[in-house]
Amino acid sequence: MAERVLRRPGFSRRLDLAPWRRVLVVVLVLLAVAAGSLATGKVPLGREQLLALFEGAHTSVRIIVLELRLPRLVLGALVGGLLALSGWLFQQIMRNALASPDILGVTSGASAAAVSYLAWLAVPLGAWGVPFAAMIGAVGAAGLIYALAWSRGVTPIRLVLTGIGVSAALGAVTTFVLAFSPLTTTLSAYVWLTGSVYGANWHDVGTLTLWAVVLILPLAIKMRFAVLAALDDALATGLGVRVQRQRAMLLALAAAMAGVAIAAGGAFAFVGLIAPHLARRVSRAVGASQAVLSVLWGALLVVSADWIARTVFLPLDLPAGIFVAALGAPFFLWLLLREAR
Amino acid sequence: MATVAAHDVSVGYQKQRILDQLSVELPEGQISVLVGSNGCGKSTLLKTLARLLSPWSGQVLLDGTAIHELPTQAVARRLALLPQHPVAPEGITVRQLVSLGRHPHQSWFEQWREEDERCVEEALAHTGLSALSERGVDTLSGGQRQRAWIALTVAQNTPLLLLDEPTSFLDLTHQMEVLELLQTLNRDQGKTVVMVLHDLNLAARYADHIVAIKEGRVHAQGAPAEIFTAERIHEVFGLSCRIITDPYFNTPLCIPFGAGFPA
């Protein structure tokens with residue numbers, strides 16, 4: 001068994017090396033896709049031109065790669081990774097393989113708030129407020145779901161059912177607002193609802209990176225609880241976990257992760273649901289390495305989707321959200337079919 | 001020292017009272033079995049003793065201190081609990097599952113001390129799972145899986161072990177396997193074992209102490225030979241039976257009568 005034990009005075013860890021090889025594989029695929037994505041687009045670039053960047057190359061190539069394609073790629077990876085981590089956490093806490101921010105109403109909350117903002121506030125205030133509206137909507141919806149599911153503590157099944165209910169209600173709000181909006185609002189809202197990293201810049205990347213650090217750090221500290229959350233409540237309590245407190249904290253983290261990702265990239269559906277499954281089924285990960293692999297799969301999904309969205313239908317530059325499902329769903333179904341054999 | 005006791009405990013769900021000012025002290029170093037008919041409150045009592053339920057009134061005492069005033073992690077170092085039908089995370093191996101039992105002894109910094117490793121290896125060895133330790137829990141048979149869960153509580157290294165129907169849904173061979181394992185843990189390691197069992201004859205054979213619960217109160221308690229009499233069983237279960245002595249083990253053996261037979 002590939003296992004290494006690390007022991008120093010006051011610090012000890014068991015490191016299972018097997019999953020980290022799988023992590024490496026996905027990282028390599030991600031890097032390959034990233035390289036391909038940086039080289040293609042309206043202006044195709046050769047390997048020499050890309051490598052020349054390291055020696056201070058021609059300025060137009062520099063702008064295309066470093067100011068247009070790279071920030072967009074990094075933002076896509078961050079959005080995908082955060083949505084995937086959020087989905088993984090939801091699936092752990094709910095002990096339900098169908099849980100994800102889009103099914104549980106967090107995405108619907110963000111969408112309803114963002115679309116309302118686009119319809120009523122974008123003209124007087126400007127579009128800069130959309131991410132804030134999305135975040136408030138996401139966290140607000142999560143809070144509402146938690147409060148409605150409360151009955152001397154919350155149980156996973158009540159959370160799931162309440163989430164589906166709230167999601168449906170907020171979906172109706174979004175449709176209602178769109179129906180009463182002018183066509184221009186509807187169009188920009190539609191792109192936003194699909195999810196897109198078009199026009200990303202380093203400022204966006206910096207903001208989302210900061211959020212990612214702020215949200216992932218507490219999760220890294222609480223990772224043991226996230227792993228134990230998959231056990232039943234009685235067993236976790238027996239092992240000395242304050243189940244309700246940890247659950248509330250992990251839920252808040254999961255909702256906030258989805259919130260910041262959606263605020264930056266729009267309401268990408270499907271990533272949060274499918275990336276943890278890919279981590280489990282393709283990479284056969286268990287425990288904490290499942291979280292890491294979910295992040296990588298999420299990043300890979302969005303980065304690949306955006307690559308297709310921006311290059312295959314040139315000169316059109318489509319929202320990446322379309323291709324997350326177009327790419328992810330058949331792959332996922334193929335995987336299930338293969339398992340069934 | 002490791003004793004657990006309920007003192008005047010009343011508890012229930014929503015508005016329905018299940019335990020009614022129940023007091024009981026489980027003898028240290030022995031195997032105690034809670035028996036009673038369905039809905040009498042024996043599982044509720046076990047859950048209350050394990051602090052899964054908070055009593056409406058009265059208290060549970062762990063080594064003389066109110067359990068709800070103790071930090072839950074400190075409780076978990078003294079009292080391990082195996083609930084009914086626990087579910088293992090998908091894809092987890094036996095060793096990984098058993099390692100989870102070390103949680104109450106770990107902190108963020110210390111997660112795999114030599115002691116953790118030793119306790120996990122010993123737990124695997126005691127439960128006869130060393131050879132299966134790299135297998136996925138979902139590939140095990142029912143009896144092996146239940147042993148893996150017990151191994152988790154053994155790795156927790158607590159003087160007290162509470163189990164809620166550890167033999168349910170197992171065939172007779174595997175029921176015996178589990179009970180023999182618990183008996184070994186009790187005899188070799190001095191663990192105090194408290195469990196709910198449905199099979200009276202197995203309870204009579206493996207228990208040192210029987211607590212018969214009826215309508216949320218302790219109806220009778222004592223050694224199996226004292227508790228398992230035809231009258232008592234009729235009082236507790238409403239079942240007519242004859243008690244004979246098991247010719248091999250000298251423990252009481254209950255022969256139940258159906259409605260068609262005169263008692």
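# A tour of two chains, in questions and answers

Biologist: Which strand of chain B pairs with β1(B) in the antiparallel sense over five bridges?
Modeller: Strand β1 covers residues 4–13 of chain B, and its partner in this pairing runs over residues 57–62. This is a predicted model, and in it B:S10 stands opposite B:S57. The partner strand is β4(B).

Biologist: In what order do the four strands of that open sheet lie?
Modeller: The pairing in the sheet is antiparallel. Its edge strands, each pairing on one side only, are β2 (16–26) and β5 (65–66) of chain B. From edge to edge, the order is β2-β1-β4-β5.

Biologist: Which helix lies across β1, β2 and β4 of chain B?
Modeller: The helix in question spans residues 42–49 of chain B. It runs at about 120 degrees to β1(B). The helix is α1 of chain B.

Biologist: Is strand β8 of chain B largely enclosed or open, and how many of its residues are buried?
Modeller: Let's look at its two faces. In a regular strand the side chains alternate between the two faces of the sheet. Here B:T192, B:V194 and B:V196 are buried on one side, and B:V193 and B:M195 are buried on the other. The strand is therefore largely enclosed by the rest of the structure, and the buried count is five of the five residues.

Biologist: Which residue of β8(B) is the bridge partner of B:D164?
Modeller: Strand β7 (residues 160–164) of chain B pairs with β8(B) in the parallel sense over five bridges. β8(B) also pairs in the parallel sense with β3 (residues 31–35) of chain B, over four bridges, and there B:V33 stands opposite B:M195. For B:D164, the bridge partner is B:V196.

Biologist: Which helix joins β7(B) and β8(B) in a β-α-β unit?
Modeller: The unit is right-handed. Its helix covers residues 172–189 of chain B. That helix is α6 of chain B.

Biologist: Why is there no disulfide between B:C241 and B:C254?
Modeller: A disulfide needs two cysteine sulfur atoms within 2.5 Å. B:C254 holds the cysteine sulfur closest to that of B:C241, but the distance is too far for a bond. Both residues are buried, B:C241 with a relative accessible area of 7% and B:C254 with 11%. The bond is missing because the sulfurs are separated by 3.8 Å.

Biologist: At roughly what angle do helices α1 and α3 of chain A cross?
Modeller: Their axes come within 10 Å, and α1(A) passes α3(A) in a right-handed crossing. The contact includes A:A34 and A:L38 of α1(A), and A:V65 and A:L73 of α3(A). The crossing angle is roughly 145 degrees.

Biologist: Which residue does a cis peptide bond join to A:L314?
Modeller: The omega of this bond is about 5 degrees. The residue we want sits in the loop between α13 (288–311) and α14 (321–340) of chain A. It is A:P315.

Biologist: Is B:E215 buried or exposed?
Modeller: B:E215 is in the loop between β9 (209–214) and β10 (217–222) of chain B, and its phi is near 50 degrees, a positive value in a residue other than glycine. B:N157 also has a positive phi, of about 55 degrees, although it is not a glycine, and B:N157 is partly exposed at 38% relative accessible area. Exposed means over 50%. With a relative accessible area of 65%, B:E215 is therefore exposed.

Notes
Residues numbered from 1 in each chain as written. Chains lettered and ligands numbered in written order. Predicted model: local features only at pLDDT ≥ 70, side-chain atom pairs only at ≥ 80, totals over all residues. Heavy atoms only, no water. Buried < 20%, exposed > 50% of the residue type's maximum accessible area, 1.4 Å probe, protein only. Helix = DSSP H or I, 4+ residues; strand = E, 2+ residues; numbered from the N terminus. Pairing = 2+ DSSP bridges. Right-handed = clockwise from strand over helix to strand, strands pointing away. Axes fitted to C-alpha atoms, helices over the stretch in contact; angles between N-to-C directions. Left-handed = near helix turned anticlockwise from the far one by under 90°. Contact = heavy atoms within 4.5 Å.
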